[in-house]
Amino acid sequence: QVQLVESGGGLVQAGGSLRLSCAVSGRTFLSMGWFRQAPGKEREFVAGITWSASITYYADSVKGRFTVSRDNAKNTVYLQMNILQPEDTAVYYCAASRAGTPRNKLEYDYWGQGTQVTVSS
């Protein structure tokens, strides 16, 4: 049974940092992604990474501030978020895909339950 469990969300002031974790169990996937969804908005792609070659790719809105990484031994994917801004406030989800470097949420097969990130101004 595949499970994705996120952790690390919370409340932080603008300019601060948080690190999200996503523990994956059940099987391995070609790619892992991070998405976010703010109230009243569509779920949007944030960052992704391939398990084998560690190819990373980002949304323009977070490039240079967020870093995605993975620890194969722990089957865990991370999202380091720096210089957080109020517009980064959202529920953050990790997701697993059998496709390579996908950005479309429809290409992801499994999802975690989400973790809330709130950035105060």
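Here are three short exercises on the predicted model above, each with a worked solution.

Before you start, note that residues are numbered from 1 along each chain as its sequence is written. In this predicted model, local features need pLDDT of at least 70, side-chain atom pairs count only at pLDDT 80 or more, totals for chains, interfaces and linings use all residues, and side-chain values use heavy atoms, with hydrogens and water left out.

**Exercise 1. The chain as a whole**

Work out which secondary structure the chain holds and how its radius of gyration compares with the globule rule.

Solution. Start with the elements: the chain has zero helices and 11 strands (helices are DSSP runs of H or I with at least four residues, strands are runs of E with at least two, and both are numbered from the N terminus). Next, take the radius of gyration, which is 13 Å and close to the 14 Å from the globule rule for 121 residues, so the chain is as compact as a globular protein of that length (the radius is taken over C-alpha atoms, and the rule is 2.2 Å times the number of residues to the power 0.38). Finally, 44% of the 121 residues count as buried (under 20% relative accessible area, with a 1.4 Å probe and protein chains only; exposed is over 50% and partly exposed is in between).

**Exercise 2. An open sheet**

Find the order of the four strands in the open sheet and the strands that stand at its edges.

Solution. The order is 1-3-8-7, with antiparallel pairing (two strands pair if DSSP finds at least two bridges between them). Strand 1 (3-7) and strand 7 (66-71) are the edges: each has a single partner strand, so one side of each is left without a neighbour in the sheet. Now look at one pairing: strand 3 (residues 18-25) meets strand 8 (residues 76-81) over six bridges in the antiparallel sense. Within strand 8, T76 stands opposite A23.

**Exercise 3. Aromatic rings**

Describe the pair formed by F45 and Y57, and name the cluster they belong to.

Solution. The structure holds seven aromatic pairs (rings of Phe, Tyr and Trp, the last by its six-membered ring, with centres within 6.5 Å; planes under 30 degrees apart are stacked, over 60 edge-to-face, the rest tilted). F45 and Y57 are stacked, at 5.4 Å centre to centre and 10° between the planes. F45 lies in strand 5 (residues 44-50) and Y57 in strand 6 (residues 56-58), so the pair ties together parts that are 12 residues apart in sequence. Both F45 and Y57 are buried. To finish, F35, F45, Y57, Y93, Y108 and W111 form one aromatic cluster.
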